[in-house]
Structure formats: structure tokens, C-alpha cells
Amino acid sequence: MTELIPFAACILIAFGIGSNDTSNALGICIGAGIIKLRRAILLFGCFVLIGIMLQGQKVMKTVGRDLLEVNLSILSISLSISAILIILSNWKKLPLSTHQVIIGSLTGSGVASGADVNFLSIFKIFLSWIISPLTAFFFAFMLYKIMEKTLSRLSFFRIERILRNLLLISGILIAYNIGANELATVLGPVIYSGLIGKMPSALLGSFFLFLGAVFLSHRVIETVGKGITALDPFSGFAAQFGAGSCVLLFTFLGMPVSTTYCIIGGISGVGMLKGMETVKTGLIKKVIANWILAPFIAFLICFAIMRALI
Amino acid sequence: MIEKVFFGGKTEQKVIENIKKHIKTLCSASDCFKKAIEEHNKDLIFCVPDLEREGDSIRREIISNIYEGAFLPFLRPNICRFVEIADEALDVVEDAAHEFEYLYLKLDKEIEDDCIKIADINTKMCEMLLVAFETLLSKEDLREKNLAIRIYEKKVDEIKFDLIEKLRKTDVKGFWEGKTLSDFISYLTRVSDVIEDASDYLYIINMSLR
Amino acid sequence: MFFLNIFFQTNLVMLKIEKRMKITHLLSWGEGEEGKLMKVEEIMTKKLETIEADAPVYDAIERMIDKRIRSLLVKPLDEKDVYGVITVRDIVYKALGKNLDLNKTKVGEITSKPLVCINKGMDVEYAVSLMTKFNITRVFVCDGKEIIGIVALLDVMASSLIERARGGHGD
């Protein structure tokens with residue numbers, strides 16, 4: 001019976017990711033009108049599945065095995081708390097990173113139960129969290145410069161045509177990343193605890209993520225999507241693709257990073273080039289606060305509960 | 001899905017062709033109007049409202065095509081606005097033609113000459129607008145065409161200044177004749193301003209995606 | 001038939017040479033493609049502002065400022081006289097520069113005459129070559145003996161730009 005708890009939690013988290021993070025990938029594509037909402041979600045679902053199938057294992061290994069040896073109780077508590085926190089933040093519309101919450105929870109319950117927590121792993125993950133938005137900033141910056149030198153030279157309608165295709169590719173990249181990185185973070189611990197095999201969990205996870213996207217993503221797409229589409233398509237593409245490639249890079253390295261923060265990094269990179277304040281300092285402060293608080297709160301809560309239970 | 005990516009090219013092509021058609025309609029109307037003044041031909045004046053109606057229907061088709069899904073949404077309002085400004089030019093030409101009918105096709109020789117000059121420059125501006133639009137498709141420099149249109153507009157301003165001086169010295173037989181004359185000159189000189197606006201808007205569109 | 005004044009101000013010469021180089025460049029750009037050269041009567045300004053030769057220089061200044069123009073056609077004093085032209089340059093260098101009394105000095109004293117006039121059917125290219133050769137910035141356009149217009153550097157530049165904008169298009 002208790003084995004179902006991690007499952008339920010996973011399902012909830014996957015659903016949460018679907019409802020909240022779809023906007024990262026598709027906000028631009030739909031805003032760009034390249035593709036209608038329904039088809040976009042279908043496409044999104046496909047590529048999430050492809051992502052987790054093709055490259056999920058690296059991140060899964062990091063979170064599920066390298067970090068600490070998971071057992072049932074750790075799993076149940078950390079995933080349940082994570083699910084609650086994630087759903088709470090979705091509901092309150094706070095930008096919370098799934099990765100940070102999950103890893104914070106796992107670490108918290110792990111330390112509390114005296115399990116063997118690999119601090120080197122934690123350090124590497126922490127480092128990735130710091131470096132990834134900066135890398136995204138850099139990628140977006142360079143990409144925009146290259147686009148200025150090449151794409152700008154063409155005639156107006158040609159640019160429009162090319163940009164439409166590029167934006168679609170960029171959206172697909174983000175969808176792939178959500179599968180390979182984000183979903184993998186959630187499923188990693190479950191798979192490595194032996195509860196369920198890789199294939200079924202990938203399918204289940206993707207399916208519930210897809211449901212989340214189908215039922216609830218539309219309201220977020222309008223609001224969050226505007227963050228990027230407030231930029232013109234030219235800059236928007238540079239920002240999103242820069243962020244996407246950055247996340248892909250870290251996925252290759254097996255590090256779980258947050259696409260949302262990378263996109264913020266990407267937008268800042270492009271904004272810096274244009275000399276305007278695309279991301280307000282107020283927002284950045286909020287983001288940094290979240291970035292520090294989220295894993296710690298998750299850590300503390302799980303730690304406390306674990307201790308209480310033992 | 002794939003076909004949506006490539007298929008999309010067709011709707012855009014249609015919109016582009018229609019915009020060219022719309023501007024050509026504007027050119028024809030302006031040309032027709034000029035000939036009507038030159039030749040004192042009342043029949044030619046009737047072609048202008050016909051062309052204006054045709055321009056309206058082309059414009060409606062363009063806008064509905066655009067909102068069916070042509071172009072990035074970011075660009076759609078700009079492109080629509082451009083078409084609307086061009087259509088406004090067409091409306092002004094029609095207004096001028098309308099007033100001209102009431103003047104019973106007679107004007108003082110000097111005033112008539114100036115009006116013909118302005119109508120001629122208007123036609124040239126319309127042609128240049130078409131050329132300018134086509135640079136969005138080719139690698140030519142839009143700025144030159146934009147500058148050419150501004151040069152034309154300044155020429156019209158010069159003539160307009162003189163024309164108004166002459167008008168003030170003209171005798172009119174009554175309020176309505178005076179009003180008609182004044183409105184006619186007003187519309188005639190406004191065409192160039194609207195075309196200049198359209199050209200400036202093209203420049204904005206061009207810059208929006210770089 | 002054309003007797004011309006030549007200015008010896010070196011700075012002016014440099015400026016004029018630059019301006020003219022730009023214009024001949026623009027002209028030669030459009031020419032080869034179309035093979036059709038513009039006539040001066042197509043680009044000339046027909047509005048001619050005139051002034052009496054015995055009017056004070058001050059009046060000329062006033063007229064130029066109000067009408068925003070840089071030259072005035074000077075009417076002949078009598079039967080034997082010819083038309084002349086007074087330009088802003090004449091006023092600045094010969095009158096203001098030499099501190100002459102603006103009210104007492106007559107336009108006729110600082111005017112350039114006779115003026116350069118070419119037939120209305122001549123090419124713009126020819127007008128520019130004359131301007132280059134004699135270091136002047138405007139030529140008058142004649143139909144027989146009558147002066148009907150004036151072609152200045154600005155007119156040439158504007159029309160060249162328009163030809164350029166149109167010419168590349170091959171309609």
C-alpha cells in the first residue's frame with residue numbers, strides 16, 4: 001500500500017510539470033501562431049516522450065543513484081512533500097523549480113534518515129544551478145549576435161519565413177529537454193529504487209505530463225508566454241534557443257537544471273544586447289530568493305518529517 | 001503538422017500578391033484621376049469610385065487572410081495597418097474625384113495646371129510605393145525608395161503653398177463653390193501625405209524583424 | 001555667348017567639388033541602365049524670384065530669407081543691360097564680408113552677369129558639367145531668349161535619387 005505513495009506523488013508532479021512548464025516550450029510557438037494549441041500540445045507530448053527515452057537516463061542516474069541510495073520511506077516522503085510544494089506553487093503562480101524542490105526533499109529526508117548522501121553530487125548539482133542561467137545568458141547573447149550578422153541581411157519576408165520554422169524547432173527543443181531533464185529528475189529516484197522499470201515509468205510519466213498540459217496549461221501559456229513574447233520573435237528565438245541548448249548541454253552532463261531559470265538567463269542575455277531592461281531587477285531578486293529558498297524549504301520540511309517518523 | 005509549416009507559405013504568398021494588387025489599384029485610381037483633370041473627361045472620373053470599391057474588397061480579403069494565419073502574430077497588426085493606410089490614400093483620391101465632379105470640371109487655367117502637376121506627382125508616388133513594398137521581397141534598400149517618396153511629398157508641398165496663395169485671390173460665386181474648391185484642393189494635397197505615411201510605415205515593418 | 005564669372009575662394013571650390021562628385025556619381029549610376037537622360041526642363045524650378053538691379057542689397061536678403069531661396073534673378077537696368085543673378089554667396093562674401101552698407105549698396109553692384117543659361121532640351125548631365133566647369137551651383141533654363149526656370153544642385157540631387165530608386169527596378 002505504501003508503495004503507491006511515491007507513485008501517486010510522481011503522477012501529481014508529472015501532471016504539475018505538464019500544466020506549468022508547457023508554457024516554457026510552447027508559449028513562443030503558440031504566441032507565434034505557428035501552430036494551434038491542440039496540435040502544439042500533441043507535439044509537445046511526443047517530444048517529451050522522445051526526450052526521456054533518448055536521454056533521460058543520464059539525469060535519472062544522477063538523481064536516482066549518484067545522489068543517494070533511495071529507499072521506500074525516503075522516496076515516499078520526499079516525493080510527497082515535493083508534490084505538495086509544487087502544486088502549491090503552481091496554484092499560487094510562483095515560479096518554482098521542480099528540480100530544486102525534488103533534490104532538496106531527497107537530500108533532506110536522506111540526511112535525516114542517515115542514508116549515505118553523496119555530497120560531491122550535491123555540490124556538482126548546486127554548481128550547475130548557478131552556472132546554467134549564466135551559460136544560457138552567454139549562449140543567447142552569442143546566438144543573437146550571429147543572427148544579427150547573418151539573418152538580418154536577408155529580405156524581410158525571407159526572415160519571417162525562416163524565423164517561423166526556427167521558433168518551432170526551438171519549442172521542440174524545450175519540450176525534449178522537459179522530458180530528458182525535468183521528467184527524468186522526477187522519475188529517477190522511483191526507477192532506481194526498483195519500484196518500477198524504466199520503460200513503464202517513462203510512458204506513465206509522459207502520459208500524465210501530457211494530461212496536465214491538455215487540461216491546465218492553457219491558462220499559464222497566456223501569462224508566462226508573454227514574458228518571452230514580449231520580446232520580438234527575433235530576440236525571442238535567440239533567448240529560447242540559447243536557453244534550450246544550455247539545458248541540453250547540462251542534460252548531456254547528467255545535471256538536472258531548471259529550464260525556467262535558463263530562459264530568464266537567455267532573456268537577460270538578449271536584453272543586455274539591446275540595452276533595455278527586459279528583466280526587471282525586482283524580478284531578478286524574486287528569482288534569486290526563490291532559487292535559494294526553494295531547495296532549503298524542501299530540505300527542512302523533509303528533514304523534519306523524516307526525523308519525526310524515525 | 002509538417003504541412004502546416006510549408007503550407008503556410010501559400011497564404012503568405014497570397015497576401016503579398018494581394019497587397020501588390022491593392023497598391024496597383026491605388027496607382028490606377030490616381031492615374032485615372034489625373035487624366036480626368038487633364039482631359040476634362042467626366043467619364044474617366046467614374047473609374048475612381050469603381051477602383052476604390054475594388055481596393056476595399058482586396059483589402060478585406062488581405063486582412064481576413066492575415067488573421068486566418070499568415071505571418072507571425074507579432075507582424076500582423078503592422079501589415080494590416082499598412083494596408084489600411086494605403087486604402088486611406090485610395091479613399092482620399094475618391095473624395096477628391098467626387099469634389100471634382102461638382103466643380104463641373106472647370107478650373108482656372110493656372111490652378112488647373114498646378115492641380116495636374118500634383119496629380120502627376122501623386123501617381124508617381126503610388127508607383128514608388130509599389131517599388132518600396134517590393135523591396136521587402138528583394139535585397140534592395142528600402143531607405144532610398146522611402147527618401148524618394150519624401151522628396152515627392154516635399155515637391156507637392158511647394159506647389160501646394162503657391163496654389164493656396166492663388167486660391168485666396170480667386171473669386172468664387174458662392175459659399176458652396178468655394179467650399180467645393182477648397183475641399184478639392186485639400187483632398188488632392190492630402191494624398192501625398194497619406195502615401196508618405198504608408199511609406200514610413202513600411203520602414204517600421206522592415207525594421208521590426210531585425 | 002556664355003560669359004561666366006569664376007570664383008576663387010578655395011574652400012568653396014573644395015565644397016563644390018565634393019557636392020558635384022556626389023551628383024555625377026548619382027547621375028552615372030542611373031544612366032547606363034536606362035539609356036535615357038533627363039532633360040533640364042523636367043527637373044527645373046519654374047518659380048523665378050526676380051529683383052530690380054537698383055534695389056538695395058538689404059531687400060535681396062529679406063526676400064531670400066522670407067522665400068527660403070538662395071538666389072534671385074536680377075532684372076536688367078535698361079535696354080542695353082542683361083539679366084544677372086545674385087546669390088547668397090555674393091551677399092555674404094561681397095557685401096557682408098566686406099562690411100558694405102546694406103542699404104546703400106545696390107544689388108546691381110554685386111550681381112554676377114551675364115548668367116549661364118542653357119536650352120530647356122539639354123540634358124541634366126550637361127548642366128552638371130557646366131556647373132563643374134565654371135564652379136557655379138545653378139544654371140538657368142532658357143526657351144529661346146526667355147528665361148523659364150532654374151536648375152540648382154538640390155534639384156539635380158533630388159531627381160537623381162528618384163531615378164535611382166526607380167531605375168533599379170526595371171519597370
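This is a short tour of the structure above, moving from chain A to the places where the chains meet and then to a sheet in chain C.

The model is predicted, so that local features are taken only where pLDDT is at least 70 and side-chain atom pairs count only at pLDDT 80 or more, while totals for chains, interfaces and linings use all residues. Residues are numbered from 1 along each chain as its sequence is written, and chains are lettered from A and ligands numbered from 1 in the order in which they are written.

Select chain A to begin, and colour by secondary structure: there are 10 helices and zero strands, where helices (H or I, at least four residues) and strands (E, at least two) are DSSP runs numbered from the N terminus. Of the 310 residues in chain A, 58% are buried, a residue being buried if 20 or more other C-beta atoms, placed from the backbone, lie within 10 Å of its own. Among the contacts in chain A between residues at least 6 apart in sequence, 86% join residues at least 24 apart; two residues are in contact if their C-beta atoms, placed from the backbone, lie within 7 Å.

Next, show chain B beside chain A, where the contact takes 20 residues from each of the two chains. On the chain B side, the elements that give two or more residues are helix 1 (2–39) and helix 7 (175–208) of chain B, and the largest share, five residues, comes from helix 1 of chain B. That side divides into 11 nonpolar, six polar and three charged residues, with Ala, Val, Leu, Ile, Met, Phe, Trp, Tyr, Cys and Pro counted as nonpolar, Asp, Glu, Lys and Arg as charged, and the others, Gly among them, as polar.

Now bring in chain C, nine residues of which are in contact with nine residues of chain B; the chain C side of this contact holds four nonpolar, two polar and three charged residues.

Stay with chain C and find its open sheet of three strands, in the order 1-2-3 with mixed pairing, where two strands pair if DSSP finds at least two bridges between them. Strand 1 (50–51) and strand 3 (84–87) of chain C stand at the edges with a single partner strand each, so one side of each has no neighbour in the sheet. Strand 2 (residues 71–74) of chain C pairs with strand 3 of chain C in the antiparallel sense over four bridges, and Leu73(C) stands opposite Val85(C) in strand 3 of chain C.

Finally, select strand 3 of chain C by itself: Gly84(C) and Ile86(C) point one way, Val85(C) and Thr87(C) point the other way, and all are buried.

Methods:
A residue is buried if 20 or more other C-beta atoms lie within 10 Å of its own, exposed if 12 or fewer, and partly exposed in between; C-beta atoms are placed from the backbone.
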